[in-house]
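Please open the structure in your viewer and keep the selection panel at hand. The stops below say what to select next and what is there.

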Amino acid sequence: VLAFDPFEQQITRQIHIALWRDGGRIAEEEYTLSENFYFRNELQQMIERAGFKIEGVKHAYSDDEASPEDDVIVFIARK
C-alpha cells in the first residue's frame, strides 16, 4: 500500500505483474491502482439517484444474501 486516506475513503496500491511462459519470464509490468471505498448506503443512494431500483444485495459473486461480515457486495438492480 502506497497511501491510505480514510477521509477520502481511498487507497493507492502499487502492483507488479509478471508473465511466465515455458518456465521463463517474458514480460513484466507495474501499475499504480487507486480504489475508492463506499459504504452500502452510499452506493444504494447513488444507484437509486441514477434511476435504478435495487432488487437485491448479494455476497461477493454468489447468490447468498449480503451480510455485515462481507467486504465485497454486489447490487442487483433494474432500470
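Which residue forms a salt bridge with R78? Keep in mind, before you select anything, that this is a predicted model. Now select R78 together with E55 and show their side chains: these two residues form a salt bridge, and their closest N and O atoms are 2.8 Å apart. Because R78 belongs to strand 5 while E55 belongs to strand 4 (residues 53–59), the pair ties together parts that are 23 residues apart in sequence. If you turn on the surface, R78 counts as exposed, with a relative accessibility of 54%, whereas E55 counts as partly exposed at 46%.

Next, select K58 and D63, whose side chains meet in another salt bridge, with 3.6 Å from N to O. Is K58 buried or exposed? With a relative accessible area of 15%, K58 is buried, because a residue counts as buried when this value is under 20%. Its partner D63, on the other hand, is exposed, with a relative accessible area of 63%, so this salt bridge joins a buried residue to an exposed one. Add E65 to your selection as well, since K58, D63 and E65 are linked in a network of salt bridges.

For the next stop, select R25 and E28, which also form a salt bridge, their closest N and O atoms being 3.3 Å apart. Here both residues fall in the middle class of exposure: E28 is partly exposed, with a relative accessible area of 44%, and R25 is likewise partly exposed at 49%. A search of the whole structure finds five salt bridges, and the pairs you have selected, R78 with E55, K58 with D63 and R25 with E28, are among them.

Finally, turn from salt bridges to open space and look for the largest pocket, which holds about 540 Å³ of space. To find its centre, select Y38, F39, R40, D71 and I73, which lie nearest to that point among the 16 residues that line the pocket. Then colour strand 3 (24–36), helix 1 (40–49) and strand 5 (73–78), because each of these elements supplies at least two residues of the lining. What kinds of residue make up this lining? They divide into nine nonpolar, three polar and four charged residues, and you may colour the lining by these classes as the last step of the tour.

Notes
Residues numbered from 1 in each chain as written. Predicted model: local features only at pLDDT ≥ 70, side-chain atom pairs only at ≥ 80, totals over all residues. Heavy atoms only, no water. 1 Å grid on protein atoms, 1.4 Å probe; cavity = no way out; pocket = protein on both sides within 12 Å on 5 of 7 lines; lining within 4 Å. Points joined across faces, edges and corners; volume = space filled by probe spheres on them. Helix = DSSP H or I, 4+ residues; strand = E, 2+ residues; numbered from the N terminus. Nonpolar A, V, L, I, M, F, W, Y, C, P; charged D, E, K, R; others polar. Salt bridge = Lys/Arg side-chain N within 4 Å of Asp/Glu carboxyl O. Buried < 20%, exposed > 50% of the residue type's maximum accessible area, 1.4 Å probe, protein only.
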